[in-house]
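Please look over the protein chain shown here. A short report on its fold, its backbone and one of its pockets would help at the bench.

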Amino acid sequence: MPSRQSALARASAFFDGGGFKDLLARLVAIRSTAQEPGFEAELTRYLEEGIRPWVEGMGFTATIHPNPVAGAGPILTAARMEDPAKPTILIYGHGDTVRGLDDQWRAGLKPWEMTEEEGRWYGRGTADNKGQHALNLAALEAVLAERGGRLGFNVKLLIETGEERGSPGLRDFVGANRDLLAADALIASDGPRVEPGMPTIATGTRGTWHCDLVVKLREGGVHSGHWGGLTTDPAIRLTHALGAIMDHRGKILVRDWLPRNGVPAEVRAVLQGCPLGGGEGAATIDPDWGEPGLTPAEKIYGWNSFIVLAMTSGRPENPVNAVAPDARAHCQIRYTVDTDPATFGAALRRHLDETGFKDVAIENGYVRMAASRTPPNHPWVRWAQESMQQSLGKRVQIIPNSSGGLPGDVFVDHLGVPLVWVPHSYSGCKQHGPDEHFLIAPAREGIQAFAGMWWDLGEGGTPAR
């Protein structure tokens, strides 16, 4: 008789027997970078060759749509409907990657050729996001086989190819296709666990607000010998302005940027005892940096952060003996749903004026990705936690938002679905640089966790029904 235990064993056997490794290697070999010109055909190829035949073999009806934004990558949707009266789950993933950076990978590794070393699969997209959505689909296939061609619930799928460019066109597409994509919940995977060995559920993401801070004093540089010490240096002015925005230990001084009532009680509760880091990158956590009185987990999952992403003055690559005419810093706020990014620019202007920096201009303020959050105690979130803990036999940590960015707001705003993000990666996976890799042990747990959830969905008793 078909059983939950046999479904998990079937998924594990596919993984342990090399089936998933081979599948992921084929997906990685498709050079579907969205950040370099000349690879547009590879974005379509990923959907046409990598995803569509696979899901159609599972009984999905699949369509590849042009993006509403000219020049942006296509979007695949697919549906497998067994009974409208049963729950419908939406799976999301993105088939695009960042730049290959071919010449920066260490000897023996290539971005578009998967290599296994010491419990890791190296290759572009292994962690972000090919490996993650492929695990979920492979688990679905195992449960489908175990139940003899039935699931006991309905599944819809959306794979975009522009996430690494900020998901252009996705909001318009989802808004225009509400009926096509309507579901009871979104259950998908992207981003890192809180630490490599800790299964994690994230219920949203922080948003990102960007702006340029500019001090422009003259049209050209002036001789440093003649004018140094007599004329204002824009780089020094800008540096002091940044110091007025954040102190020397990382505390944000523009207090209107922050949640007015502190970390919400339900967020603080779910983060109690939450670990953070582990594996590569743990040494970069500075316990005395950031908002005083918050735990590391609260700082990254329940608070806002300010980062200077880049700054220039003069010509760093070829310095000349001149006081530069201007200085510029590109800055970012990562913010939770507890603050309104529409107020950030005005709050910054007030703060700079009050602290003596009226000469610092704020330019190009915009939201690149909006924040989202499903309540951490939502029934669908708790259901997923219980299912995963049963499958894995270990604690599953819930966090209110992932540390990275995802377009969850699009699905909340247009479809009204709760968000259940189940990441399979970790923060040291190097997904936006050379040597990107996927840890094999968490990946194996991922296919087991999803096989269990897919099985449980077909058993009834879900929050939706």
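The report below goes from the whole chain to single residues and then to a pocket.

## Basis

This is a predicted model: local features need pLDDT of at least 70, side-chain atom pairs count only at pLDDT 80 or more, and totals for chains, interfaces and linings use all residues. Residues are numbered from 1 along each chain as its sequence is written, and side-chain values use heavy atoms, leaving out hydrogens and water.

## Overall fold

The chain holds 14 helices and 19 strands. Both are DSSP runs numbered from the N terminus: helices are H or I with at least four residues, strands are E with at least two. Along the principal axes, the C-alpha atoms fill a box of roughly 85 × 45 × 45 Å. The radius of gyration is 24 Å, which agrees with the value near 23 Å for a compact globule of 465 residues. That radius is taken over C-alpha atoms, and the globule rule is 2.2 Å times the number of residues to the power 0.38.

Of the 465 residues, 55% are buried. Buried means under 20% relative accessible area, exposed means over 50%, and partly exposed lies in between, with a 1.4 Å probe and protein chains only. About 19100 Å² of the chain is exposed, and carbon and sulfur atoms supply 50% of that area. Accessible areas come from the Shrake-Rupley method with a 1.4 Å probe; for residues, only the protein chains shown count as cover. Among contacts (heavy atoms within 4.5 Å) with a separation of 6 or more, 81% join residues 24 or more positions apart.

## Two buried helix residues

Tryptophan 383 sits in helix H12, residues 379-392. Its relative accessible area is 12%, so tryptophan 383 is buried. Leaving aside residues up to four places away in sequence, tryptophan 383 touches Ile187, Met453, Asp456, Leu457, Thr462 and Pro463. Alanine 7 is 376 residues from tryptophan 383 in sequence, and the two C-alpha atoms are 19 Å apart.

Glutamate 298 belongs to helix H10, residues 296-301. This glutamate counts as buried because its relative accessibility is 6%. With the same residues up to four places away not counted, glutamate 298 touches Arg268, Leu271, Gly293 and Trp303.

## Backbone exceptions

Most residues other than glycine have a negative phi, and most peptide bonds are trans. Glutamate 118 has a positive phi of about 50 degrees. Glutamate 118 lies in the loop between strand S4 (115-117) and S5. At a relative accessible area of 80%, glutamate 118 is exposed.

Serine 167 has a positive phi as well, near 55 degrees. Its loop runs between strand S6 (154-160) and H5. Serine 167 is buried, with a relative accessible area of 10%. The peptide bond from aspartate 128 to asparagine 129 is cis, with omega near 5 degrees. Asparagine 129 is in the loop between strand S5 (120-122) and helix H4 (130-146).

## The second largest pocket

Which residues lie nearest the centre of the second largest pocket? They are Gly166, Ser167, Arg171, Asp409 and Val410, out of 13 lining residues. Helix H5 (170-176), strand S15 (361-369) and helix H13 (408-415) are the elements that give two or more residues to this lining. The lining has six nonpolar, three polar and four charged residues. Here Ala, Val, Leu, Ile, Met, Phe, Trp, Tyr, Cys and Pro count as nonpolar, Asp, Glu, Lys and Arg as charged, and the others, Gly among them, as polar.

The space in this pocket is about 180 Å³. On a 1 Å grid over the protein atoms alone, a pocket is an open set of points where a 1.4 Å probe fits, with protein on both sides within 12 Å along at least five of seven lines; lining residues have an atom within 4 Å of a point. Points are joined across faces, edges and corners, and the volume is the space filled by probe spheres set on them.
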